[in-house]
Amino acid sequence: MRCSYADLGYTNIGQVARYMEVFNVRYGFLSNYCQTLFLRQVQVGGVRGLEYSPVIFHGDLYDGNGQVTLRQAFVHIAMFSLAHPRPAEGGLRSTWTVRT
């Protein structure tokens, strides 16, 4: 069974974003039992912004064409966090990012 996007509670993103700003970290995530959303804080022209990944469901399987498992996604974000722990001017836009 797949959960709907409404199940993640997008209204909770503001709380996670605030924690990311207060603790000055670049990466974060919002998760429940069904799905996980990864967040990335960027600075553009001195203004902070928040980018987010597509939702990764708990049962997603690696397919070699961009679909990754939740475990792979956490390892990927952990490696990026070690290399770039603080928000940098200009941001890091890549293909997984969805802008609002």
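Two strands count as paired here if DSSP finds at least two bridges between them. With that in mind, the strand β1 and the strand β2 are a good place to start. The model is a predicted one, and in it five bridges join β1 to β2, with the two strands running antiparallel. One of the positions along this pairing is G28, which stands opposite L39 in β2. Getting from β1 to β2 takes a hairpin with three residues in the connection.

Strand β2 turns up again on the way to β3. The strand β2, residues 35-44, and the strand β3, residues 47-52, pair in the antiparallel sense over six bridges. Two of the matched positions can be picked out by name: V42 has G49 of β3 as its bridge partner, and Q43 has R48 of β3. The hairpin of β2 and β3 has two residues between the strands, and G45 there takes a positive phi near 60°. A further partner of β2 is strand β4, residues 56-57, paired with β2 in the antiparallel sense over two bridges. In that pairing, T36 stands opposite I56 of β4. And how much of β2 is covered? Most of the strand, as it happens: nine of its 10 residues are buried.

Next comes the helix α1 and what sits beneath it. Three residues of α1, namely I13, V16 and M20, are buried. They share the same side of α1, because the arc they cover around the axis is only 70°. As for what they lean on, the buried residues of α1 pack against β1 (27-31), β2 and β3. I13 gives a closer look at this packing: leaving aside neighbours within four places in sequence, I13 is in contact with L30, L37, L39 and L50. Just after α1, N24 takes a positive phi of about 55°.

The same helix residues show up in the largest nonpolar core. This core has eight residues: I13, V16, M20, L30, L37, L39, V55 and F57. The elements giving two or more residues to this core are α1 (13-22) and β2. The largest share, three residues, comes from α1. Apart from this core lies another one, of five residues, including Y27, I56, A73 and I77.

Charged side chains make their own links. Side chains of opposite charge can pair when their charged atoms come close. Across the whole structure, a search finds two salt bridges. In one of them, R18 pairs with E21, with the closest N and O atoms 3.5 Å apart. R18 and E21 are three residues apart in helix α1, so about one helical turn separates them. Burial means under 20% relative accessible area and exposure over 50%, so R18 counts as partly exposed with a relative accessible area of 48%. E21 is partly exposed as well, at 37% relative accessibility.

The other salt bridge is made by the side chains of E51 and R40, at 3.0 Å from N to O. E51 lies in strand β3 and R40 in strand β2, so this pair ties together parts that are 11 residues apart in sequence. Are E51 and R40 buried or exposed? Both E51 and R40 are buried.

One last stop is the loop between β4 and α2 (70-83), which is the place of T69. T69 and I56 are 13 residues apart in sequence, and their C-alpha atoms are 7.5 Å apart in space. Not counting residues up to four places away in sequence, T69 touches I56, D60, L61 and Y62. I56 is thus a familiar name by this point: I56 of β4 has T36 opposite in β2, and I56 also belongs to the five-residue core.

Note on methods. Residues are numbered from 1 along each chain as its sequence is written. This is a predicted model: local features need pLDDT of at least 70, side-chain atom pairs count only at pLDDT 80 or more; totals for chains, interfaces and linings use all residues. Side-chain values use heavy atoms; hydrogens and water are left out. Helices (H or I, at least four residues) and strands (E, at least two) are DSSP runs, numbered from the N terminus. A nonpolar core is a set of buried Ala, Val, Leu, Ile, Met, Phe, Trp, Tyr and Cys residues joined through side-chain atoms within 4.5 Å. Buried means under 20% relative accessible area, exposed over 50%, partly exposed in between (1.4 Å probe, protein chains only). Contact means heavy atoms within 4.5 Å. The arc is that of the directions from the helix axis to the C-beta atoms. A salt bridge is a side-chain nitrogen of Lys or Arg within 4 Å of a carboxyl oxygen of Asp or Glu.
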